[in-house]
Amino acid sequence: MHYHTPASFEDAIKIAAKATGITRFLAGGTDVLVQLRADMVTPDTLIDIKHIDGVHDITRTSDGGWTIGVAVTGAEMTEHPELAGDWPGLVEAMDLVGSTQIQGRATLTGNLCNGSPAADSVPAMVAAGASVSVRGPDGTREVAVEDIPTGPGRTSLAQDEVVTAVNIPARVAGGGDAYLRFIPRTEMDIAVVGCGINLVLDGDTITQARVVLGAVAPTVLLDQACGDAIIGTTLDAAALERLAKAASAACNPITDKRGTIEFRTKVAGVLAQRAAKIAYGRAQAGGAS
Amino acid sequence: MSLDDVKTTGFKYVGTSPDRPDGLDKVTGRAKFGADAYAPGMLHGAIARSPHAHARIISIDTSKAEALEGVKAIVTRADFRDDLRGDHWNVLENVMAGDTALYDGHAVAAVAATSVLVARDAAKLIEVTYETLPHVTDVDEAMADGAPVIRAGTADKSVPEGLHPNVVRYHESGHGDVEAGFAEADLIIEDHFRTEATHQGYIEPHACLATLGGDGKGDLWCCTQGHWNVQKICSSLLGLETSQLRVTASEIGGGFGGKTVVFIEPVALALSRKTNRPVKIVMSRSEVFRASGPTASTSMDVRIGMKKDGTITAAKGVFRLQGGAFPGAPMEFTAMCAFAPYNLKHVKQIGYDVMSNRPKQAAYRAPGSPMGAFAVESVIDELCNKLGLDPIEVRLKNASREGTRASFGPTFQRVGLVETLEAAKAHPHYSAPLKPGQGRGISCGFWFNFGGETSVSLALSMDGTVQIVVGTPDIGGSRASMALMAAEELGIPYENIRCTIADTASLGYNEVSHGSRVTYASGLATIKAARDAVKKLCGRAAAKWGIDPEAVDWVDGCAVPSGPNAGDFDPMPIAQICKSMGRTGGPIVGHFEASPEGAGVSFATHIVDAEVDPETGKTSVVRYTVVQDAGKAIHPAYVEGQYQGGAAQGIGWALNEEYVYGKDGRLQNDVFLDYRIPVASDLPMIDTVIVEVPNPGHPHGVRGVGETSICPPLAAIANAVSAAAGVRLHELPMNPPRILAALARRD
């Protein structure tokens, strides 16, 4: 195994392009190192991108959005009051990953590139409309977060491509987000179902809604029907009922050691309702300020 | 006071909770656990394991592994004795597969190499050719016609004719005429219950360091609940003289019964013998789950008849336990404990020990008892609901007391079940209001407790301090308890006593730390050894004073004349006697060796409040109270810890822990991420009430406390969840998908 600590993304993709066998990028290592120790994967090339300038930074962009470096940890996000004020749902989603110790290492980018349909931060990022900057030999392209995972453990990234940052849009007035997951315990577990929702209100009426489900299909699901179920409403009982039905209908889950098809389908609707209520409350509070 | 008197009141040290002697070592990392041993020239072992649930081993090709640089030796079954029979053959067959791999994770070969990584890589290079066989992992399926036979001819003589060959032992006990009893009942409820296998979940994986030379002399360091047992079995499996193998027990990071057996130790010894180098093996968590001993899974039918006034007229239970690919599932304990809390005229219990393609079960805290209690106490709860009776009053009405003929045969001596029920009834928890969505459950539980071979030595130092040497690994605070009991007898401070767990070369045989026996049996032996030392101390004082040894008493750490007639001498403190012991007769050491048989049985009553989310089926245990008879709590904080620990493990077993097997017979959840043991935030504060009804068989009244605490939780939680959900749950774990499905059936 070859271990590299490139000083720039340019160097990182050069190393990746030349590498043979299995290559893994290493940021916090909370998935890669665990998989390595568990004998699930033995990379031939390990490229540690934590030493590149700027990867630990959370930056406000000129349009009011945020750029989050690939080595920014969950704990750093949670302790960033402005980011957490704009995107509480996203920050809380990341904060649900693992333990206190894991939070000191784990990153948004790692959670995304691990390719798990149960990743907690991914539905929240997709709901927020986040994208990632992807650098390859031909330069940098911007890719919507939902276009990165292609199936369990798989992504659309090429061998010589690397994510260089996560881009979160500006929080608009009257907006609010939330993420909830179901686990049988209280912490230290993997989502059996997850749901991220981002809403924009005009007064009390929902004008935009992005509803994203996790762990109920091979990739996270951004479901338009769920959004349509509540757009134009004040999230009244009938709208919530429609939302639950749409969320359950969108599910394409499996039965595995973590839950059954029936359970995931039902609970997706329950979580969608609960997350929508939180996002709606936040949007109302945001709209007032 | 005669030295043989039983003392149950007026204690000075017993009943206090001083700091634990191993505390500083453990919080500073100085304590040496199984994996903390190193030796010059040490090699690392790794084990190749079957990926199949059931497969004939056609061939094992080790050539590629042997060619890897750093590999020093490979062992297979051929490196062990081939003339074993009976129990030890079964142990060997589990430690290293013979002709057939019997479960996913079954060891088939092992390698020793110069590093852990090389050893693991080499294990992957061992090429095993398998012919897969049909498999079965479910207890009911394993008993059914046409199920794959795990090993023909294993059944013993107890098994009635006509049963599947996987049924290898049968148990039947009880008394009276159950059919006549059922005829007297106003209401009879019969139901079917199932529990899944759970793992003891100890934090420390199995680990050992073995050294065995060509001269047949060996040393073994390992993490175990009983190193004399390890010595006995390893020497048998490797053909050594028992005394030539010295075994030392490390500090232990939990055992709960799962470390009463051997897995890697004989393998490390075989590799060491072959390489003439020390060999260390440390299991991964995945290996612990796949290839050590979880508990049995069960399928049970319980039928109970009750009169309108709550009197139980008859009870019958059938308990089928799957214990993996070997005989030994503790079905007789399930059967014998199930109805033990109740004074029954007519009772019958039947047990089946069933083999399947799973790892060999090992003891887990009151092995067998919690499952039976789950079924029985659920049915009693349902009877109380249907007849509109208070669950504690009904249990009091039928409770076993002194003189009751136990469901499993003997007549109970003094027991404390009624006292636990009265304390539960009086506890504010029992009358506290419940919020909507919450339910309350009650359950009793029973465990036998045990004595066993015990040997203790207590040596006095020249400054009058004391070293106690015991042979029972400290799995629950026993070093503190031994020091307290010795302090009480010797009349010296707790801090002046150090208790050490000796290796097998330093004491006579000591039975494993199991059966909640240590505070009882090693405690009894410690007290008797202290009394032996006191007698010798009094003898030295008598000689000095020139009076009869019988005329000397021992009071507060001093020899004193027993009365005015004995003479007028100042009290002679222990330190003064010890200072001159070399010239007054030599070292002073107290001994005691015996197999004490007066272990007092123990009962508990638990109260649980649970809240169920009707939309997701998720259960939160919101309040929990353990009431249990300790006989006498030597170190009450440790006793409370045992009560809380049993409840915590019971919560996991009841709600989320389970062995999940795929259709391929492989274990799906072999890591703590997916084997859902409770985390700290899953648990409420677990309140405890220590009831003390002294055990007449122990000089301070001790009953074992470690196991009884896990007997009631499964049922108490099931009764609380069923009340909260408004539907009876019959199967464990009561995980959210299962509860949601039950709620859907209810509606």
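This note sets out numbered points on a predicted model, moving from the contact between its chains to a sheet, its helices and the nonpolar core.

1. The contact between the chains. Chain A contributes 17 residues to this contact and chain B contributes 19 residues. On the side of chain A that touches chain B, the largest share comes from helix H11 (residues 261–288) of chain A, which supplies five residues. Sorted by class, that side of chain A holds seven nonpolar, three polar and seven charged residues.

2. The order of the sheet in chain B. An open sheet of five strands runs in the order E7-E15-E14-E13-E8 (chain B), and its pairing is mixed. Strand E7 (167–175) and strand E8 (187–195) of chain B form the edges, each pairing on one side only. From one strand to the next, the twist averages 10 degrees. As general background, strands of a sheet pair through backbone hydrogen bonds, in either a parallel or an antiparallel sense.

3. The hairpin within the sheet. Strand E13 (residues 297–306) and strand E14 (residues 312–322) of chain B are paired in the antiparallel sense over ten bridges. E13(B) and E14(B) make a hairpin, with five residues between them. In the turn, B:Gly310 has a positive phi of about 100 degrees. The register can be followed through individual bridge partners in E14(B): B:Ser297 is matched with B:Gln322, B:Arg303 with B:Lys316, and B:Gly305 with B:Ala314.

4. The neighbours of the hairpin. On the side of E14(B), eight bridges join this strand to E15(B), and the two run parallel. One of the pairs is B:Arg320 with its bridge partner B:Tyr352 in E15(B). On the side of E13(B), nine bridges link this strand to E8(B), and the two run antiparallel. Here B:Arg194 stands opposite B:Ser299 in E13(B).

5. Burial of the hairpin strands. Both strands of the hairpin are mostly covered. In E14(B), ten of the eleven residues are buried; in E13(B), eight of the ten residues are buried.

6. Helices lying across the sheet. Helix H10 (residues 331–338) of chain B lies across E7, E14 and strand E15 (347–354) of chain B, and runs at about 160 degrees to E15(B). Helix H11 (residues 369–387) of chain B lies across E8, E13 and E14 of chain B, at about 145 degrees to E8(B). E14(B) is thus a strand crossed by H10 and also by H11 of chain B.

7. A crossing of two helices in chain B. Helix H3 (residues 86–95) and helix H7 (residues 227–238) of chain B have axes that come within 10 Å and cross at roughly 80 degrees. H3(B) and H7(B) are therefore roughly perpendicular to each other. From H3(B), the residues B:His88, B:Val91, B:Leu92 and B:Val95 meet B:Ile233, B:Ser236 and B:Leu237 of H7(B). By class, this contact comprises five nonpolar and two polar residues, with no charged residues.

8. The nonpolar core. The largest nonpolar core has 329 residues. Within this core, the residues with the most contacts are B:Val111, B:Val267 and B:Ile717. Helix H16 (residues 518–545) of chain B gives the most to the core, with 14 residues. The surroundings of B:Val111 may be listed in detail: leaving aside residues up to four places away in sequence, B:Val111 touches B:Gly45, B:Ala46, B:Ala65, B:Val71, B:Ile74, B:Ala119, B:Ala122, B:Ala123 and B:Ile126.

9. An enclosed helix in chain A. Helix H8 (residues 121–128) of chain A is largely enclosed by the rest of the structure, because eight of its eight residues are buried. The buried residues are A:Ser121, A:Val122, A:Pro123, A:Ala124, A:Met125, A:Val126, A:Ala127 and A:Ala128. After H8(A) comes A:Gly129, which has a positive phi, near 80 degrees.

Definitions and conventions:
Residues are numbered from 1 along each chain as its sequence is written. Chains are lettered from A and ligands numbered from 1 in the order in which they are written. This is a predicted model: local features need pLDDT of at least 70, side-chain atom pairs count only at pLDDT 80 or more; totals for chains, interfaces and linings use all residues. Two residues are in contact if their C-beta atoms, placed from the backbone, lie within 7 Å. Helices (H or I, at least four residues) and strands (E, at least two) are DSSP runs, numbered from the N terminus. Ala, Val, Leu, Ile, Met, Phe, Trp, Tyr, Cys and Pro count as nonpolar, Asp, Glu, Lys and Arg as charged, and the others, Gly among them, as polar. Two strands pair if DSSP finds at least two bridges between them. Axes are lines fitted to C-alpha atoms, for helices over the stretch in contact, and angles run from 0 to 180 degrees between N-to-C directions. Angles under 35 degrees count as roughly parallel, over 145 as roughly antiparallel, 65 to 115 as roughly perpendicular and the rest as oblique. A nonpolar core is a set of buried Ala, Val, Leu, Ile, Met, Phe, Trp, Tyr and Cys residues joined through C-beta atoms within 7 Å. A residue is buried if 20 or more other C-beta atoms lie within 10 Å of its own, exposed if 12 or fewer, and partly exposed in between; C-beta atoms are placed from the backbone.
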